[in-house]
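Please look through the sequence and the model below, and then follow the paragraphs from the rings within a chain to the contact between chains.

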Amino acid sequence: MEKFEAIVVGAGPAGSAAAYGLAKAGVKTLLVERGKAPGQKAMFGGRIYSFPLHAMIPDFAKDCPIERYVTRENMAFLSDDTALSVTFDAPKLGTGAAASFTAYRAKFDAWLAKKAEEAGAMLITGIRVDKVHRQGGKVAGVATNGDVVLADVVIAADGALSQLARSAGLRGDPSPEEYSVGVKETVELPQKVLEERFNLDEKEGAAYVFAGAASASLRGGGFLYTNKATLSLGLVVSSEDLAVTRTEIGTVMDRFRRHPAIARLTKGGKVLEWSAHLVPELGRAMSPRTYDDGFLLAGDAAGFLLNVGYTFRGVDLAIASGMAAAEAITRARTAGGYSAGNLAVYERLLKERQVTTDLETFAQAPFYLKNPRLFSVYPKLLNEIAEKVYTIDGTGQRKLSEVARAEAKAAKVSPVRMLLDLLGGARAM
Amino acid sequence: MAPGPRSIVCIKQVPKAQELQVDPVTNTLKRVGVPSEINPPDRNALEMALQVKDQFGGEVFVLTMGPPVFTSALEEALAMGCDRAFLLTDRILGGSDTVPTAHSLSETIHKIGGYQLIFCGEETTDASTGHVGPGIAGHLDCAQITYCSEVQFLGNRVRGKRSVEDGFETWECPLPCVITANFLSNRPRPPSLSGKIRVKRGGLITTWSCADVGIDPGKVGIRNSPTIVAKVDTVVLPDRKAKIFRGEPKAAVTALLDAMAADGVLSR
Amino acid sequence: MTLPKDKTEYRGVWVFLEARRGRLRDVSRQLLGVARGLAQTRGSDVSGVLPSWNVEPLAREAIEFGADRVYLVEDPRLETYTSRPYAKVMATLIGKHKPEIVLFGASKNGRDLGGRLHAMIETGLAADCVKLEIDADGNLDMIRPSFGEKSLAHILCKQHRQQMASARPNVFPIPPRDPARKGEVVREPVEITDADLDAKVVSFEERRGHKGNPIEDAKILVAGGFGLRDPKNFRLLEDLAKELGGAVAASRKAVDAGWVPKDYQVGQTGRTVRPRVYIAVGISGAVQHLAGMQESEKIVAINLDHNAPMFEICDYGLVGDLFQVVPEMTRQLAERKARRPVPVAAR
């Protein structure tokens, strides 16, 4: 029977980072991916915050398949036909450890998995692992169709639905309120057109988030990132809201795509591909435990995903948690074994790498973001206020404060309610 | 019980049939860049051999003849559970029809030696001749059971259930014997994680040239193939401009029947 | 038989005559018609080779269907087809009489025999031909479907002799039988020893023979394929066919799996049908199948896989789960019938 010291399931950012860290530390590691190639099953937006990569591979930028560094952040509130946006222009966002970049996940994941392989991990693709193998009650490997491969410790980095975490009893079955549905399409534009349209230099990129009508006023939001010669355009919408309102995500995406503010940005583009997947929303609330005897969770599988409205974070937390998992294992190894007690250091390492600190800072954000008024009433309200303020048609202009009060009243939101929402937001963010 | 047999399974890598498309401009088949796979009936042959091994022990070797890219087919067969693999690869083999192919495979099987069973798929999906399996038996002057859907190893003999037009014949043959597996006669197992790990560890594939095996260059390749493909005509089916219905079954069926009724297809 | 110096040494068109349980196979009769045409063009004659036991009447029959001569090799050990002794008979006689062309039916036995033989005598063999002609140079132009039958390949065997081909059953017509036709039956002594008998046919299990399903005559056919997953699911098709007043047919995969009798099979190795409506259920549409039904007036495709080739040639397509769709169709058709007033004449 084949035996490894560690088996990492899932060659996404979390799994590859973990396998990389383990292999570097001399741990005999197997990295198993269900897709035919790493990244094949990935879809998410493709915007990556680089700080954990700096820590992991200082010269990563040398061969990492980066499309563009994000130097312009945009946040827009959409009504049905208008948009109110805020732009933050900062070329300095494109350099240093705080830089973020856009990338194709297919290429990025393949690159990271290659790094793990080069470090000495064995990568196997095309095999779906959905069960842990237990010996004497503790995790002792993985099992697929009766075929068992042994390991002293197993890392589940198999994504948001983590079959493995469920088989190990660390998580229950998913319920719709824990997930959002993500869709993404890649729109091709000639590089010159793209750079002119978004006013970008060769390496610069722009990132947009959209609230309000983007998600048909359901909880969620839209995003758009610029790659070299394509745009990643997508939506993340609460699957609970979709179910309750009997709305198809495709219909929402269709409307989003045709919104004047979006149509203008994608005009003349050709849709190259379309994909959908589940995005965990509850963060830490979803997986109270991240380790057990001989077993660790990393990345989306552990719910390490942060959606605070103005940023979606996942890949960076995945990489950081993968590295923390690798370090926890090497420490447990030194301590004499992979018992839950020895692996408990994982939680501290997650904190040190800012994974759980950031998640805890924004721990209330998912619940705050569940407030439906944020997605329906307020974006509309803001647009109506802006419309009144900027419409000068000779009927007389009013003061901004008057307009705001009148519009809030028209929207049937009490000033107290609005104040509470604002305070709630400030606390959560 | 007598020790299990050594089986050698001959496989081929073929273009995926469903990916083959006729170029609308040139009216010829587009083959460049078409993904390839193990010839589907060969998977049934592999499964048949592996089942014999599951039941009686022994070992399963896999053999292919073709360019080095055929290694991926061998790797998949190994990951399914084969013990060793052999790749016969040589430029001089290019363009071989079934006569040199059967010859070269037979010579290679002879060199491997020690075999009791030889398995092939009933035919390949890209050439559809079904001649290579019986051709190998002819060359090796051994028994053959073609179009088999079940095999039973009897120690010093083999029994095969053979599917023919009007029924099923059960043949019993001495060893060695060539068995060709009926397409879809079993459910080929997927590659396993352990199998893929073994492949990754390496050392399971032996690569031979014609010289390594001792194959006479005057017997193989396009120049020593009796048949040639003189030309290929493309068959183009008329476009019926299909109306396609999808979605919730009840509504889709109603829409389909309405359309058929409107076109007068349902009236008698 | 490798490169002959003088190809004119080789003369005559041969047909392997396959006797099956006391009858000549249809494909052998069909080949006698093909061979006649080829022999006429080549200015030669037609010989049949009939290895079996107690089959002299079949030799006579072959002459009536077009053979000028039948080499009859009778031996009790040849009564049932097995590969090695039959290949020995063919190789021996071919070596002795040097025919120019040898034809086999592309039946299971025909291919089993041809494949073994062509490797033994080292000459070309084209499989499963649908057209056989003599080209301008006097070579046999062997035309066969290739690559999933999306094209027809012309195969030539220019330098080697013999030129050998197997022909797809039921593509060529059976020639008219002429009881007055003259020809000779030549008994050929080919020694068959125990050493030639390696395979023993220990049992035979006949396929369930349904004669009560004349699919060629049905106006409406509901055909099932491998997508039905289980023979008992054919009941769904029977229900639908009954509702439509049609019959049930099947693809080769469903027949090969033993789910339904061979009589149900539509396609190039089965029957060719031209109903008013052909409903293909869970049949992906391998071109072998299409060849047997593409001339249907209207084609309806039902399949879960929207990429199934059947959708490319159909008039109506429904992408969906047949296990839901077919019963639903049956139900809705019954409902429609109930709604429609019964014509006065039918009361």
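In this predicted model, the count of aromatic pairs over all chains comes to 17. One of them is formed by A:Phe108 and A:Trp111, whose rings lie 5.6 Å apart from centre to centre, with 40 degrees between their planes, so the pair counts as tilted, the class for planes that are neither under 30 degrees apart nor over 60. Why are A:Phe108 and A:Trp111 separated by about one helical turn? Both belong to helix α3 (residues 105-119) of chain A, and because they are three residues apart in that helix, about one helical turn separates them.

From here the path leads to the contact between chain C and chain B. To this contact chain C brings 81 residues and chain B brings 82 residues, and the area buried between the two chains is about 7300 Å², of which 54% comes from carbon and sulfur atoms.

Across this interface 13 salt bridges are found, including the one in which the side chains of B:Asp166 and C:Arg20 meet at 3.1 Å, N to O. Between chain C and chain B there are also 44 residue pairs in polar contact, with both residues at pLDDT 80 or more. On the side of chain C that touches chain B, helix α4 (residues 108-121) of chain C gives the most, with nine residues, and the residues of that side divide into 31 nonpolar, 20 polar and 30 charged.

The two chains are also linked through their strands: strand β14 (residues 228-234) of chain B runs antiparallel to strand β10 (residues 151-156) of chain C, and six bridges join them. Within this pairing, B:Lys231 stands opposite C:His154 of β10(C).

Notes:
Residues are numbered from 1 along each chain as its sequence is written. Chains are lettered from A and ligands numbered from 1 in the order in which they are written. This is a predicted model: local features need pLDDT of at least 70, side-chain atom pairs count only at pLDDT 80 or more; totals for chains, interfaces and linings use all residues. Side-chain values use heavy atoms; hydrogens and water are left out. Contact means heavy atoms within 4.5 Å. Buried area is the accessible area (1.4 Å probe) that two parts lose on being put together, summed over both. A salt bridge is a side-chain nitrogen of Lys or Arg within 4 Å of a carboxyl oxygen of Asp or Glu. A polar contact is a pair of N or O atoms within 3.5 Å; within protein, one must be able to donate a hydrogen and the other to accept it, and residues adjacent in sequence count only if both atoms are side-chain atoms. Helices (H or I, at least four residues) and strands (E, at least two) are DSSP runs, numbered from the N terminus. Ala, Val, Leu, Ile, Met, Phe, Trp, Tyr, Cys and Pro count as nonpolar, Asp, Glu, Lys and Arg as charged, and the others, Gly among them, as polar. Two strands pair if DSSP finds at least two bridges between them. Rings of Phe, Tyr and Trp (its six-membered ring) pair if their centres lie within 6.5 Å; planes under 30 degrees apart count as stacked, over 60 as edge-to-face and the rest as tilted.
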